[in-house]
Amino acid sequence: MYRTKEKVPEFEKFDMVFGGKLNRQNRWVILANLIPWDRVEEKYAALFVSNNGRPALPVRVALGALIIKEKSKLADEELVEYIRESPYLQYFLGFEGYKDELPFDPSMMVHFRKRLSGNILKEINAMIIERQKEEAEKSHDDQEPPEGGNKGTLIVDATCAPIDIRFPHDVTLLDEARRKTEQIIDTLHEQAPTGYEKPRTYRKIARKEFLRFIRNRKPREQTIRKALKKQLQYIERNLRIINDYKGLVGLGGLSRKQYSDLVVIHELVWQQRHLYTKKSHSIEGRILSISRPHVRPIARGKARGMYKFGAKLSVSLVNGLVEVHRLSWEAYNESQDLKGQIEQYKRRYGHYPEVVCADKIYRTRENLQYCQEYGIRLSGPKLGRPFAESEKNRAILREQRRIEREDESTRIAVEGKFGEGKRRYSLDRIGTKFRKTSESAIMLVYLVMNLMVLYRKKAKAFFVSLLDGLFKIVREHLEDNTGCLLRLDTVKRGFFRNPYVQLYA
């Protein structure tokens, strides 16, 4: 069951126990004010349909703990100790005062990841973006574009979020499947009637053959096929033995993990037998990991590897804020998502974007025709034969190249977001095991990145207002000295143009 928290913690009344008070400019205090907790709690409370049982922890504790973990890159056990030591983190989680005790058991983090699924975190991210848009509209008096007019820039791209798995070599995968079936046979034999003879599994011979193969650094294709055939035969024999035990004692004695592995192994053996017979390397829904059967190969064609193994994402970037449009474990062409991303921009901002900066793969005839219909300029060269290099076309070509360079420099921002997610956060190696928790971990990375963008904007606004106040005080003391006033204005403009000031502000 879930109980809505009636009393919201107030900043001024936060009990520090030993005296003192919190700093309002602390990053966790600012981040706490950026999240619409009331709307998030409505979404979270809908997950608990029963009114019986022990009350669940508030959504501010669940979501806040996930944000702190991703921001600080801590283990679950280390996270609860980190929260106990900091009053700012306890305020961020919605506590009414500082307590020198563990806020919750570390195992609760698993339940938080399951409850706050990828779809829920995606909606929370959209709430934060909507709230930021509303605040920007209130603080600025910009005129709305005319009817049918376009405004703004939309940046779109796709990336892959790799899962932390072993490289999926076929023979190694089959060896793992064989060892798991042998453990299942041992478990079922313990429940067999007394005197029932245990069938032979040839496990020692199979293990020696696998080790002999795996030590070969550069095996030939014929050697690989021979090893695949042997491992497949051992597993198929084990599956026939398990089927006999099923008729004898049933499969009720298996653990949940063993039963799910057995289902995956059946599908894996069918796929590998089909690939071996057809002498092929491609099949729809190919299994790469027994513990993570949802993971698929994603062709990327990068310098570090042709394939990545994980989920593929289509994202859009507007005003520094990233939103995931589509998350799929199957490979797809990201150009199919362009129309949906543009229409989502239209629903949120009330008008179409003026420019869409995208990669070359998005420049299909269908997408170009769609953008032309709504007056949107899609980045990149136009279709058809380019202008010839001549004196007459020199000005046109120069203008086209200038626009292409500007669009490409604008599009680089989304590549920077991918780099930030994979280097600063955990997007480069998702460590969760289940499909649902992996989607939650991926969505959480983009949620945290957006919160940090908004935090930097808040910190910059405070920094600029503080410096403006200092310049104003100095100006009041120099009212009669015109030369000093002019020099002060020059210093002020140069100071705010300094790239280091803009970076750290």
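Asp-76 turns out to be a buried residue, its relative accessible area being just 13%. Its side chain still finds a partner, pairing with Lys-69 in a salt bridge at 3.1 Å, N to O. This pair makes a handy way into the structure, which is a predicted model.

Taking a step back, the protein chain is built from 17 helices and 6 strands. Of its 505 residues, 43% are buried. The accessible surface adds up to about 29,700 Å², and carbon and sulfur atoms account for 50% of that. As for how the chain meets itself, consider the contacts between residues at least 6 apart in sequence: 70% of them bring together residues at least 24 apart.

Back to the charged pairs. The structure contains 34 salt bridges in total, and a couple of them sit along single helices. In helix H7, which covers residues 118-139, Glu-137 and Lys-133 are 4 residues apart, so about one helical turn separates them. Their side chains join in a salt bridge with an N to O distance of 3.3 Å. The two partners sit in unlike surroundings: Glu-137 is partly exposed because its relative accessible area is 45%, while Lys-133 counts as buried at 14%.

Helix H14, spanning residues 394-423, holds another such pair, with Glu-406 and Arg-402 placed 4 residues apart, or about one turn of the helix. Here the salt bridge comes in at 2.6 Å, N to O. Glu-406 has a relative accessibility of 40% and so counts as partly exposed. Arg-402 is partly exposed too, with a value of 33%.

Salt bridges can also link up into something bigger than a pair. Asp-175, Arg-178, Arg-179, Glu-182 and Arg-207 are tied together in a network of them. One member, Glu-182, belongs to helix H8, which runs over residues 170-189. Its relative accessibility is 6%, so Glu-182 counts as buried. Setting aside neighbours within four places in sequence, Glu-182 is in contact with Arg-203 and Asn-238.

Other charges gather at the surface. Lys-204, Lys-208, Arg-212, Arg-215 and Lys-226 together form a positive patch. The biggest contributor to this patch is helix H9, residues 203-214, which supplies 3 residues. Lys-208 is located in that helix, and with a relative accessible area of 57% Lys-208 is exposed.

There is a patch of the opposite sign as well: Glu-77, Glu-78, Glu-85 and Asp-105 make up a negative one. Glu-77 sits in helix H4, which covers residues 76-85. At 53% relative accessibility, Glu-77 counts as exposed.

Two lysines catch the eye for their backbone angles. Most residues other than glycine have a negative phi. Lys-73, though not a glycine, has a positive phi of about 55°. This residue is in the loop that runs between helix H3 (59-72) and H4. Lys-279 likewise is not a glycine and has a positive phi of about 55°. Its loop lies between helix H11 (256-278) and strand S2 (296-302). Lys-279 has 64% relative accessibility and therefore counts as exposed.

Not every loop residue is out in the open, and Ile-376 shows as much. Ile-376 is found in the loop joining helix H13 (365-373) to strand S6 (377-378), yet it is buried, with a relative accessible area of 7%. Which residues does Ile-376 touch, not counting those up to four places away in sequence? They are Asn-150, Ile-342, Tyr-352, Pro-353, Glu-354, Val-356 and Cys-371. For one of these, Pro-353, the spacing can be spelled out: Ile-376 and Pro-353 are 23 residues apart along the chain, and 6.5 Å separates their C-alpha atoms.

Key:
Residues are numbered from 1 along each chain as its sequence is written. This is a predicted model: local features need pLDDT of at least 70, side-chain atom pairs count only at pLDDT 80 or more; totals for chains, interfaces and linings use all residues. Side-chain values use heavy atoms; hydrogens and water are left out. Patches are made of residues with over 30% relative accessible area and no salt bridge: like charges are joined within 9 Å, nonpolar side chains (Val, Leu, Ile, Met, Phe, Trp, Tyr) within 5 Å. Accessible areas come from the Shrake-Rupley method with a 1.4 Å probe; for residues, only the protein chains shown count as cover. A salt bridge is a side-chain nitrogen of Lys or Arg within 4 Å of a carboxyl oxygen of Asp or Glu. Lys and Arg count as positive and Asp and Glu as negative; His and the chain ends are not counted. The place of a charge is taken as NZ of Lys, CZ of Arg, CG of Asp or CD of Glu. Helices (H or I, at least four residues) and strands (E, at least two) are DSSP runs, numbered from the N terminus. Buried means under 20% relative accessible area, exposed over 50%, partly exposed in between (1.4 Å probe, protein chains only). Contact means heavy atoms within 4.5 Å.
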